[in-house]
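Please examine the model displayed below. A series of questions and answers on its architecture accompanies it.

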Amino acid sequence: MSAFIARQETFPTVDSTQHIVRAWLDAGVPEVAVAVADVQTAGRGRQGRDWTAPSGAALLVSAGFRPDWLPLRHAWRLGAIAALAMLDAGEDAAGLKDGTLWLKWPNDIVADGPDGRLLKVAGVLGETALLGDVIESAVVGIGVNGDWRARDFPPELAASITSLFELSGGRPISRDALLDGWLARLEPRYEALRAGRFDAGAWTTRQRTTGHRVEVEAGSELIAGTAVGVDPESGALLVHDRLRGIDRPIGSGEVVRCRIVELPARRGDLL
Ligand code: BTN
């Protein structure tokens, strides 16, 4: 275990690794505290959604931080560095070409599927505890579809997800190697954040939404337009509003769902 990690445990079954790490932080465990589970009985996704994966099919991990030095307006960057670290760790663990995995704003990891569909590989959930304007602690959880066969995908998800196993053409994915690869890449990104640096370049260029028509459900509003980029200062998605002639920023906190409406079947079609 590297000096970056103060505590790391793997559990056969928990309700949610988010809860484990939150309880540790509340009890005074120092950063970085990492909980991994084989199975979660009450795994949680964004916006109160459930997160399920059969035993052995996914990396289910939460990491706890004490980033009281991070300005509150940049709290979203914790989820962003977790996702960026996992893009590279996932490609490495599955032997994929660089650039196979993409970010899908706000916090998904996706790959191009057939017919221009995007298939979800992983999701990130960031939760903070604040003391006034100070981030007293934060838990960032990530669920990655690792060694999961397509034949075992739940029917209701089969058209919208994939796994590292499937993307690799059937290579067994070691959960522990994926975890180690993620933590090794997370450490320099976290230390850079502490030093006031954020990899805006990677976060911007690896967004799959950019250049595509999107529909974003934000609060009770449905916003449709072309995603023209993301703002590395605020974390917002920028959607071009043709009527008003402006690029409208949409904050990640308000988003229930973000859907890409049309995507060319091949990346070359964009040229
Ligand atoms: C999402 O895409 O909605 C985010 C999913 C986050 C799931 C992970 S699995 C490990 C950790 N524990 C949880 O209960 N949720 C996160």
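The questions below concern the domains, their interface and the two sheets.

This is a predicted model in which local features need pLDDT of at least 70 and side-chain atom pairs count only at pLDDT 80 or more, whereas totals for chains, interfaces and linings use all residues. Residues are numbered from 1 along each chain as its sequence is written, and side-chain values use heavy atoms, with hydrogens and water left out.

Q: What distance separates the centres of domain 1 and domain 2?
A: The chain is divided into domain 1 (7–205) and domain 2 (213–260), with bounds from an automatic or database domain assignment. Taken over C-alpha atoms, the separation of their centres is 23 Å.

Q: Which three residues supply 44% of the area that domain 1 buries against domain 2?
A: Domain 1 and domain 2 bury about 1,300 Å² between them, 58% of it on carbon and sulfur atoms; buried area is the accessible area (1.4 Å probe) that two parts lose on being put together, summed over both. On the domain 1 side, 44% of the buried area, more than from any other three residues, is supplied by Trp76, Trp105 and Trp203.

Q: Which residue forms a salt bridge with Glu233?
A: Two salt bridges are counted between domain 1 and domain 2, each being a side-chain nitrogen of Lys or Arg within 4 Å of a carboxyl oxygen of Asp or Glu. For Glu233, the closest N and O atoms of the pair are 3.9 Å apart, and the partner is Arg77.

Q: Why is one side of each edge strand left without a neighbour in the seven-stranded sheet, and which strands are these?
A: The open sheet has mixed pairing and the order β1-β2-β3-β7-β6-β5-β4; strands are DSSP runs (E, at least two residues), numbered from the N terminus, and two of them pair if DSSP finds at least two bridges between them. Each edge strand has a single partner, so one side lacks a neighbour in the sheet; these strands are β1 (7–14) and β4 (101–104).

Q: What is the bridge partner of Leu59 in β7?
A: Strand β3 (residues 58–65) and strand β7 (residues 134–145) run antiparallel and are joined by eight bridges. Within this pairing, the partner of Leu59 is Val144.

Q: In β10, what is the bridge partner of Gly229?
A: The open sheet of five strands has antiparallel pairing and the order β11-β10-β9-β8-β12. In it, four bridges join β9 (residues 221–230) to β10 (residues 237–241). The partner of Gly229 is Leu238.
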